[in-house]
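Student: I have a new model open in the viewer and would like to talk it through. Can we go over it piece by piece?

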Amino acid sequence: MSEQSGPVEVRDRILETASDLFYRQGVRAVGVDLIIAAAGVAKTSLYRHFRTKDDLIAAFLTREDEDFWAVWDRVAAAHAGNAAAELEAHLAWIGERVGRPRYRGCPQLNVAAEFPDEGHPARVVARAHKLELRRRLRGIAERLAVADPDGLAAQLSVMVNGAFVSAQVLAGDDAPAVLTRMAHALVSACGSPPPRPSPAP
């Protein structure tokens, strides 16, 4: 593809190339010159669309975030009205993702580990992603009618994020089954809320 492509195509090509390199090699290890060479664009084209490398990193995480929630929304829609089935379905596709041969972990967690500064644009996107995960898990927990939905959401969030960083210790396609068993245990431990007292006659 040549530099004569439209601005949207050039931006998408830069972001696609950078995203692949960032995920496979790590954000700090990938320089702007490598992205330019791999994408086949001029340096001015990159900086026309992304003011700094930090902006490109944030765009990479935003792209990953959108892809993740698009899958989540499709699964949620397929199991509307059945919170238990929805939770199991989410754990199934997340487990499948973790078990992929070239899986290198959650992009948000990977980048957050590389940038300790809480104000870094990438950490802002990563934090928002993790807060959204917990929020959505809390919604499922509420519909499961457990005694402590916020506590269950926190535990499920830690479990899912733990799976993202534990791919190498999970054999083959173990992840979906392991996540499901853990989730069942956590839901069971949370119990049902106490019955509401009957109104006074």
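**Cysteines, helices and a buried lysine**

Tutor: Let's begin with cysteines: there are 0 disulfides here, where a disulfide is a pair of cysteine sulfur atoms within 2.5 Å. Bear in mind that this is a predicted model, where local features need pLDDT of at least 70, side-chain atom pairs count only at pLDDT 80 or more, and totals for chains, interfaces and linings use all residues. Residues are numbered from 1 along each chain as its sequence is written, and side-chain values use heavy atoms, with hydrogens and water left out.

Student: Is Cys106 buried or exposed?

Tutor: Buried means under 20% relative accessible area, exposed means over 50%, and partly exposed is in between (1.4 Å probe, protein chains only). Cys106 has 4% relative accessibility, so the label for Cys106 is buried.

Student: And Cys190, buried or exposed?

Tutor: Apply that cut-off again. The relative accessibility of Cys190 is 15%, so Cys190 also goes down as buried.

Student: How many helices and strands does the protein have?

Tutor: Both are DSSP runs numbered from the N terminus: helices are H or I with at least four residues, strands are E with at least two. From the N terminus on, the order reads α-α-α-α-α-α-α-α-α. The count is 9 helices and 0 strands.

Student: What share of the contacts with a separation of 6 or more comes from residues 24 or more positions apart?

Tutor: A contact means heavy atoms within 4.5 Å. For scale, the C-alpha atoms fill a box of roughly 75 × 40 × 35 Å along the principal axes, and 42% of the 201 residues count as buried. Among contacts with a separation of 6 or more, the share from residues 24 or more positions apart is 68%.

Student: How far apart are the mean positions of the positive and negative charges?

Tutor: Lys and Arg count as positive and Asp and Glu as negative, while His and the chain ends are not counted. Each charge is placed at NZ of Lys, CZ of Arg, CG of Asp or CD of Glu. With 24 positive and 25 negative charges, the mean positions are separated by 2 Å.

Student: Why is H8 called largely enclosed by the rest of the structure?

Tutor: H8 covers residues 149-164 and spans 22 Å from first C-alpha to last, close to the expected 22 Å; the expected span is 1.5 Å times one less than the number of residues. What covers its buried residues includes H4, H5, H6, H7 and H9. Those buried residues include Leu152, Leu156, Met159 and Phe164. H8 is largely enclosed because the buried count is 12 of its 16 residues.

Student: Val158 is in H8 too. Is Val158 buried or exposed?

Tutor: Val158 is separated from Arg74 by 23 Å, C-alpha to C-alpha, with their positions 84 residues apart along the chain. The relative accessible area of Val158 is 61%, so Val158 is exposed.

Student: Which residues does Asn161 touch, not counting those up to four places away in sequence?

Tutor: Asn161 sits in H8 and is buried, at a relative accessible area of 14%. Leaving out residues up to four places away, Asn161 touches Leu109, Lys130 and Leu133.

Student: Lys130 is in H7. Is Lys130 buried or exposed?

Tutor: Look at the surroundings before the number. Outside its neighbours within four places in sequence, Lys130 contacts Cys106, Gln108, Leu109, Asn161 and Phe164. Gln108 is 22 residues away in sequence, with the C-alpha atoms 8.2 Å apart. Lys130 has 17% relative accessibility, so Lys130 counts as buried.

Student: Which helices do the buried residues of H7 pack against?

Tutor: H7 has 23 residues and reaches 34 Å from end to end by C-alpha, close to the 33 Å expected. Its buried residues include charged-type names such as Arg123, Lys130 and Arg136, along with Val125 and Leu137. Their packing partners are H4, H5, H6 and H8.

Student: Which residue after H7 has a positive phi?

Tutor: The residue lies in the loop between H7 and H8 and is partly exposed, at a relative accessible area of 41%. Its phi is about 60° although it is not a glycine. The residue is Ala145.
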